[in-house]
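Student: I've got a model open and I'd like to talk through its strands and its empty spaces. Can we start with the terms and then go region by region?

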Amino acid sequence: MVTLPKLNELGFFEIRLESIGGLGANLAGKMLAEAGVVGSGLNGVSFSSYGSEKKGSPVKAHIRFCDHTTNIRDTTPVERPHIVGIFHESLSKTINVISGIYEDSLVLVNSAKTPEQLKQRMNLKGGTIAVLDAIAIALEEKNRVNMAMLGALFKLCPFLDPDQMKQVIRKSLEKKYPQAVQPALNTFERGYNEVKSQTFELPEGEVMPGYVRQDTPLLGYATQPMGGTITNPGNSILKDLSISRAGMMPHFDLDKCIHCAACDNVCPDFCFVWDEQEDRRGRPQMFLQGIDYQYCKGCLKCVQACPTEALASAREEEGYADQHRVPHRFDLAL
């Protein structure tokens, strides 16, 4: 008989996956629940919540497990997770990804940083932080981030059977994508073996932040601006698409650029910054200055369109975007 390590007042062990569209958190949640139900004999349920259904948009996947004698009658989002799986480290810049965790909750982060660095970045006071560089594994194995994260989750959930998960992977992929089965299994295996964790005791006198429901609006009838003004429209300088990048970004080489604007024609978010200057004959011409990475979501359409390899796809490194960003003029004016 499988025993769950912790239960809430309703008898559930709960997991929440924080991600963006395109990283496969929705599928990972379904496969995780299936492995728990079929392989471990638990009752389980999985569902997702998200806004616009597009790549780069925030996504949450919710998983509940309980003993087979307990009925699942709660289908609300997981607000107090025992485990949080963060598929995209940068989400913590704009979303409270650790909302509702307990003192002993486990936080799994897709990152190349150390647990100590992540503890400071996400302002965690205590608990266990597990780290896995899932993007690097996925790139090396030519597979997806969700398989590596699933491997780590199975390592951190001893009540789940990894062999059962491998069967689920085969069942899900072998009919439509038989060539993807082995890379997916390799990625899962590496995630299982390479995840590292560290536990931090809550300092004496410290308490966990008070729990606030995630659906509590920031602006209500008593706190909204006068006249219901929209303070952050989609075309605002406050707009930041950097959390939408799934690990890759374009690098710009000015020496190779012929200023043909092929990149600008395919860019969906107007990331490229131009300036009117004189050409060799003294005629006015628009010259590309660089990329405003604040608005770049890493779709890499510009890389595919560039005829001279002035734009190249590269793994995103901490601080690169800030150091090489060329702001639009309206940003500089404010």
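Tutor: Sure, and here's the term we need up front: on a 1 Å grid over the protein atoms alone, a cavity is a set of points where a 1.4 Å probe fits but cannot get out. Keep in mind that this is a predicted model.

Student: With that in hand, what is the volume of the second largest cavity?

Tutor: A search of the whole structure turns up 2 cavities of 30 Å³ or more. The largest cavity comes to about 90 Å³. For the second largest cavity, the volume is about 80 Å³.

Student: Which residues line the second largest cavity, and how many of them are charged?

Tutor: The lining includes Cys267, Cys271, Cys296, Cys299 and Cys302, along with Pro250, Pro268 and Phe272. Lys297 is also one of the lining residues. By class, the lining divides into 10 nonpolar, 1 polar and, for the charged class, 1.

Student: And the largest cavity: which residues lie nearest its centre?

Tutor: Its lining has 13 nonpolar residues, 2 polar and no charged ones. There are 15 lining residues, and those nearest the centre are Cys257, Cys260, Cys263, Cys306 and Pro307.

Student: Now the open spaces. Which helix gives the most to the lining of the largest pocket?

Tutor: The largest pocket has a volume of about 600 Å³. Of its 26 lining residues, Ser90, Arg121, Glu316, Glu317 and Glu318 are the closest to its centre. The helix that gives the most to the lining, with 3 residues spanning part of 320-324, is H9.

Student: How many residues in that pocket's lining are charged?

Tutor: Let's go class by class for the largest pocket. Nonpolar residues number 5 and polar ones 8. The charged count is 13.

Student: On to the strands. Are the residues of E6 buried or exposed?

Tutor: E6 covers residues 127-132. Gly127, Ile129 and Val131 point one way, while Thr128, Ala130 and Leu132 point the other way. In a regular strand the side chains alternate between the two faces of the sheet. Whichever way they point, 6 of the 6 residues in E6 are buried.

Student: Which strand pairs with E6 in the parallel sense, and what is the hand of the crossover?

Tutor: The parallel partner is E5 (residues 106-110), over 5 bridges. Within that pairing, Leu108 has Ala130 as its bridge partner. The chain goes from E5 through helix H2 (residues 115-121) to E6, and this β-α-β crossover is right-handed.

Student: What about the antiparallel side: which residue of E7 is the bridge partner of Thr128?

Tutor: E6 pairs with E7 (residues 196-200) in the antiparallel sense, over 5 bridges. In E7, the bridge partner of Thr128 is Thr199.

Student: Why does Arg16 count as buried, and which backbone oxygen lies 3.1 Å from its side chain?

Tutor: Arg16 is found in strand E1 (residues 13-20). Buried means under 20% relative accessible area. Arg16 has 0%, so it counts as buried. The backbone oxygen that lies 3.1 Å from a polar atom of the Arg16 side chain belongs to Val78.

Student: Last one: how far apart in space are Gly151 and Arg80?

Tutor: Gly151 lies in helix H4 (residues 145-156). Gly151 is buried, with a relative accessible area of 0%. Gly151 and Arg80 are 71 residues apart in sequence, and in space, C-alpha to C-alpha, they are apart by 23 Å.

Definitions and conventions: Residues are numbered from 1 along each chain as its sequence is written. This is a predicted model: local features need pLDDT of at least 70, side-chain atom pairs count only at pLDDT 80 or more; totals for chains, interfaces and linings use all residues. Side-chain values use heavy atoms; hydrogens and water are left out. Buried means under 20% relative accessible area, exposed over 50%, partly exposed in between (1.4 Å probe, protein chains only). Helices (H or I, at least four residues) and strands (E, at least two) are DSSP runs, numbered from the N terminus. Two strands pair if DSSP finds at least two bridges between them. A crossover is right-handed if, with the strands pointing away from the viewer, the path from the first strand over the helix to the second runs clockwise. On a 1 Å grid over the protein atoms alone, a cavity is a set of points where a 1.4 Å probe fits but cannot get out, and a pocket is an open set with protein on both sides within 12 Å along at least five of seven lines; lining residues have an atom within 4 Å of a point. Grid points are joined across faces, edges and corners, and a volume is the space filled by probe spheres set on the points. Ala, Val, Leu, Ile, Met, Phe, Trp, Tyr, Cys and Pro count as nonpolar, Asp, Glu, Lys and Arg as charged, and the others, Gly among them, as polar. A polar contact is a pair of N or O atoms within 3.5 Å; within protein, one must be able to donate a hydrogen and the other to accept it, and residues adjacent in sequence count only if both atoms are side-chain atoms.
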